[in-house]
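Work through the following exercises with the sequence and the coordinates open. Each task is followed by a solution in steps.

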Amino acid sequence: MAGVRHIVMFRFAPSASQARIDAIVAAFAALKGKVPGISGFSWGTNNSPEGLNKGLTHCFVVEFPDAAARDAYLPHPEHDAFVKFLGDDVADVCVFDYSDGR
């Protein structure tokens with residue numbers, strides 16, 4: 001089975017402070033050590049000159065060895081706690097999963 005990349009993009013609410021954004025990024029990164037099956041994690045902020053990001057500013061890539069690991073991650077209590085931690089500070093989110101060439 002092919003690996004799965006779980007891509008999550010956020011647009012933060014105007015009321016979200018930089019300290020709160022930093023805390024959310026840190027909490028997302030910490031999931032790699034808390035949820036079995038995560039094989040990789042990276043993130044960054046949009047730097048495309050094309051202006052096609054639709055207001056989304058932060059991108060996170062969570063890698064899994066297969067769809068079963070991704071499927072176990074989604075309902076995991078640590079993932080659920082992270083989603084609740086976001087509160088109203090994330091104004092929009094886009095999620096896209098794919099496997100290479102599929």
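The exercises below concern a predicted model, and they go from the sheet to the aromatic rings, the core and single residues.

**Exercise 1. Determine the strand order of the sheet and say which strands lie at its edges.**

Step 1. Take the pairings in turn. Strand β1, residues 4–12, is joined to strand β3, residues 58–64, by seven bridges. Six bridges join β2 to β3, and eight bridges connect β1 with β4.

Step 2. Check the directions. β1 and β3 run antiparallel, as do β2 and β3, and the pairing of β1 with β4 is antiparallel too. In general, strands of a sheet pair through backbone hydrogen bonds, in a parallel or an antiparallel manner.

Step 3. Chain the pairs together. The result is an open sheet of four strands in the order β2-β3-β1-β4. β2 (40–45) and β4 (90–98) are the edge strands, since each pairs on one side only. From one strand to the next, the twist averages 15 degrees.

**Exercise 2. Fix the register of the strands by naming opposite residues.**

Step 1. For β1 against β3, His-6 faces Val-62, and Val-8 faces Phe-60.

Step 2. For β1 against β4, the bridge partner of Ile-7 is Phe-96.

Step 3. For β2 against β3, Gly-44 is opposite Cys-59.

**Exercise 3. Classify the ring pair of Trp-43 and Phe-60, and state whether each residue is buried or partly exposed.**

Step 1. Two quantities are needed: a pair of aromatic rings is described by the distance of the centres and the angle of the planes.

Step 2. For Trp-43 and Phe-60 the centres are 6.1 Å apart and the planes are at 25 degrees. Planes under 30 degrees apart count as stacked, so the Trp-43 and Phe-60 pair is stacked.

Step 3. Locate the partners. Trp-43 belongs to strand β2 and Phe-60 to strand β3, 17 residues apart, and the pair links distant parts of the chain.

Step 4. Compare accessibility with the cut-off for buried, under 20% relative accessible area. Phe-60 is buried because its relative accessible area is 0%, whereas Trp-43 is partly exposed because its value is 44%. As for the strand that holds Phe-60, five of the seven residues of β3 are buried.

Step 5. Widen the search. The whole structure has nine aromatic pairs. Ring pairs join Trp-43 and Phe-60 with Phe-10, Phe-12, Phe-28, Phe-41 and Phe-82 in a cluster.

**Exercise 4. Describe the largest nonpolar core and the surroundings of Phe-10.**

Step 1. The largest nonpolar core contains 21 residues, and Phe-10, Phe-28 and Tyr-73 have the most contacts inside it. In soluble globular proteins, nonpolar side chains tend to be buried together.

Step 2. Assign the core to elements. At least two residues come from each of β1, α1 (18–34), β3, α2 (67–73) and α3 (77–86). α1 gives the most, with five residues.

Step 3. List the contacts of Phe-10, leaving aside neighbours within four places in sequence. Among them are Ile-24, Phe-28, Leu-56, Phe-60, Phe-82, Leu-86, Val-90 and Val-93. Thr-57, His-58 and Asp-92 are also in contact with Phe-10.

**Exercise 5. Examine Ala-91, Lys-54 and Arg-20 one at a time.**

Step 1. Ala-91 lies in strand β4 and counts as partly exposed because its relative accessibility is 39%. Not counting residues up to four places away in sequence, Ala-91 touches Arg-11, Phe-12 and Ala-13. The C-alpha atoms of Ala-91 and Ala-13 are separated by 4.8 Å, although these residues are 78 apart along the chain.

Step 2. Lys-54 is found in the loop between β2 and β3. Its phi is near 55 degrees, a positive value in a residue other than glycine. Most residues other than glycine have a negative phi. Lys-54 counts as exposed because its relative accessibility is 73%.

Step 3. The charged end of Arg-20 sits over the ring of Phe-85, 4.3 Å from the ring centre.

Note on methods:
Residues numbered from 1 in each chain as written. Predicted model: local features only at pLDDT ≥ 70, side-chain atom pairs only at ≥ 80, totals over all residues. Heavy atoms only, no water. Pairing = 2+ DSSP bridges. Axes fitted to C-alpha atoms, helices over the stretch in contact; angles between N-to-C directions. Buried < 20%, exposed > 50% of the residue type's maximum accessible area, 1.4 Å probe, protein only. Contact = heavy atoms within 4.5 Å. Phe/Tyr/Trp six-rings, centres within 6.5 Å; stacked < 30°, edge-to-face > 60°. Lys NZ or Arg CZ within 6 Å of the ring centre and 35° of its normal. Core = buried A, V, L, I, M, F, W, Y, C linked by side-chain atoms within 4.5 Å.
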